[in-house]
Amino acid sequence: TVLPARPPSPPRAQIPVSSSLPPPPPKPAPPKPQPHSFPPPLPPPSSSVPAPPPLPSSRPEIAASGFGPAPNTLTEPVWDTVKRDLSRIVSNLKLVVFPNPYREDPGKALRDWDLWGPFFFIVFLGLTLSWSASVKKSEVFAVAFGLLAAGAVILTLNVLLLGGHIIFFQSLSLLGYCLFPLDVGALICMLKDNVILKVVVVCVTLAWSSWAAYPFMSSAVNPRRKALALYPVFLMYVSVGFLIIAID
Amino acid sequence: MDDSYTGLPTSHLLGSVPAATNDANNTAKQEASDANMQTFPPNQAGDRGRGYHTLDNPPETFEEQPANNWRGVFSVSSYTQYFNVDTDVVIFRLISSFNPYGGDFFSKIDANPDLYGLIWISTTLVFVLAALGNLATYLMQKHTGTSTSWSFDVGYMNVAACAIYGYAIVVPLAYYFFLQYMGSNASLIRFWCMWGYSLSIFIISSFLLLIPVEALRWLIIILTGVASASFVALNLKSCIEGNELSVAIVAAFFLQIALAVFIKVWFFA
């Protein structure tokens, strides 16, 4: 049956069943021919309740946990989609870049990975470097973007080739999120053009980025090959840091 | 292998490489007799015991496969045999590449040549040349007093990447084909490995080339060029036999010197 185009009703808690039954389709308002003296015996059905806005579902496992089928994300307002993705980016950022108790366990650290966050951070870094440059702006953006994007893929392949165990896109996502400190550093360096300040800021943010990426990369490979997997990460961040300092 | 990282249940996740357990290692050793590193492209014997069963490749038909097919080209796990090195092995090979008189590099890498050195040494060299080349140009200009403003030329990165990657990939390839044509048996992976490690001495000399004295710069680059070139030439000589191929050895020597001179002239002028 074709549902009317309206925001879906919020999923209500039900007793978990093995086969998830669809909720009853919203019924049209029943005609109320009763006279005024008799109050309606039952509360009006769900369709006449003003539909509240759909919950931002940040966990796609809602359907699997016995709450009924997942809310229909095709008909939700665009702002809800954007808000959901933004909240996921923020939560992933907090997991990766800031201290939290899950850092040592790569399985838990970035369970809900996404690629929007890394995309924003890489493009932002390229744009910042390009704005800071006085000549060859487009070439600077191309070098920065190519270095970071290709670098993330090559670093992941490096770990896989060394016999490590990581998930390809999870690793891309993590390396992208670890660029956030360098983004902040590039922004500061663009606003204030003093060499000493730039060197200090880049060193601090470089150390922060490396600290963020270290536990994930080092736990993915054999301990005897840890340095082989970590050195290219360090090389990429140092080269980006040098670009930030050197762009005039 | 430690339990700490093989315990991750990742085999059901897209793009992951399943853990190689001990019994898989034993079977892989018996079946990998055809996976010798003389052949490139790698055949798919490398991942036979690891749980990748493609639909058209049931394990029992393994024996009929020729040793040099292209089936494993797009699978990452068939290239892991070229990266089967530990940190201490890589450091040992790196240090032995600084010694120009050894001539025994091929015997050191014989059992287990690796491409890790080639890829990351050349990448490091590209970055170091681009970064230090800019810095050295600025220092030289400041020293001779012509101009004191710092300008960063991003074009250095392009030229460095093309030159170093081109040299490191094309020259061993050319030697491999030439020696195959001449009839002597050569191994492409070992050539790539040796030429890759021969570039490592240029990384150190790039730091020394920052000194803005022209005569000193030429002295440094000549010394490093000769050291690196003699490393390449002596190892080539130990690898190939026959007097009629000594032209190739001399050519390798001069190619390495030409690379050194190019580095000096373009990046550290």
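**Exercise 1. The fold of chain B**

How many helices and how many strands does chain B have? Work out what else can be said about the build of this chain.

*Solution.* Keep in mind that this is a predicted model.

Step 1. Chain B has 10 helices and 0 strands, so its elements read α-α-α-α-α-α-α-α-α-α from the N terminus on.

Step 2. Turn to burial: of the 269 residues in chain B, 49% are buried.

Step 3. Look at the contacts with a separation of 6 or more: in chain B, 74% of them join residues 24 or more positions apart.

Step 4. For the surface, chain B exposes about 13100 Å², with 66% supplied by carbon and sulfur atoms.

**Exercise 2. Helix H3 of chain B and its salt bridge**

Find which residues of H3(B) are buried, and follow one of them to its charged partner.

*Solution.* Step 1. Helix H3 spans residues 87-97 of chain B, and its buried residues are Thr87(B), Val90(B), Arg93(B), Ser96(B) and Ser97(B).

Step 2. Check the spacing. An α-helix has 3.6 residues a turn, so residues three or four places apart point the same way.

Step 3. Ask what covers these residues. The cover includes helix H8 (226-246) of chain A, and from chain B the helices H4, H5, H7, H8 and H9.

Step 4. Now pick Arg93(B), which forms a salt bridge with Asp114(B), the closest N and O atoms being 2.6 Å apart. The pair links helix H3 with the loop between H4 and H5, 21 residues apart.

Step 5. Compare both accessibilities with the cut-off of under 20% for buried. Arg93(B) has a relative accessible area of 4% and is therefore buried; Asp114(B), at 0%, is buried too.

**Exercise 3. A second link within chain B**

Decide whether each partner of the Glu214(B)–Lys264(B) salt bridge is buried or partly exposed.

*Solution.* Step 1. The closest N and O atoms of Glu214(B) and Lys264(B) are 3.2 Å apart. Because Glu214(B) lies in helix H9 and Lys264(B) in helix H10 (residues 246-267), the pair ties together parts that are 50 residues apart in sequence.

Step 2. Glu214(B) has 33% relative accessibility, so it counts as partly exposed. Lys264(B), with a relative accessible area of 2%, is buried.

**Exercise 4. Where chain A meets chain B**

Describe the contact between the two chains, then its salt bridges.

*Solution.* Step 1. Chain A brings 37 residues to the contact and chain B brings 33 residues.

Step 2. The area buried between the chains is about 3200 Å², and carbon and sulfur atoms give 68% of it. Leu161(A), His165(A) and Leu228(A) supply 22% of the area that chain A buries against chain B, more than any other three residues.

Step 3. There are 3 salt bridges between the chains. One pairing is Asp86(B) with Arg224(A), at 2.8 Å from N to O.

**Exercise 5. Spans that a record names**

What share of helix do residues 195-216 and 228-247 of chain A have?

*Solution.* Step 1. The unreviewed UniProt entry lists both spans among the "transmembrane region" features of chain A.

Step 2. Residues 195-216 are 100% helix, with end C-alpha atoms 32 Å apart. Residues 228-247 are 95% helix, with end C-alpha atoms 29 Å apart.

Step 3. Finish on the surface: Val195(A), Ile196(A), Val199(A), Val200(A) and Val204(A) make a nonpolar patch of about 450 Å². Val204(A) sits in helix H7 (residues 195-220) and, at 51% relative accessibility, counts as exposed.

Terms used. Residues are numbered from 1 along each chain as its sequence is written. Chains are lettered from A and ligands numbered from 1 in the order in which they are written. This is a predicted model: local features need pLDDT of at least 70, side-chain atom pairs count only at pLDDT 80 or more; totals for chains, interfaces and linings use all residues. Side-chain values use heavy atoms; hydrogens and water are left out. Patches are made of residues with over 30% relative accessible area and no salt bridge: like charges are joined within 9 Å, nonpolar side chains (Val, Leu, Ile, Met, Phe, Trp, Tyr) within 5 Å. Accessible areas come from the Shrake-Rupley method with a 1.4 Å probe; for residues, only the protein chains shown count as cover. A salt bridge is a side-chain nitrogen of Lys or Arg within 4 Å of a carboxyl oxygen of Asp or Glu. Helices (H or I, at least four residues) and strands (E, at least two) are DSSP runs, numbered from the N terminus. Buried means under 20% relative accessible area, exposed over 50%, partly exposed in between (1.4 Å probe, protein chains only). Contact means heavy atoms within 4.5 Å. UniProt positions are given in the numbering used here, feature names are shortened, and annotations may be inferred rather than shown by experiment. Buried area is the accessible area (1.4 Å probe) that two parts lose on being put together, summed over both.
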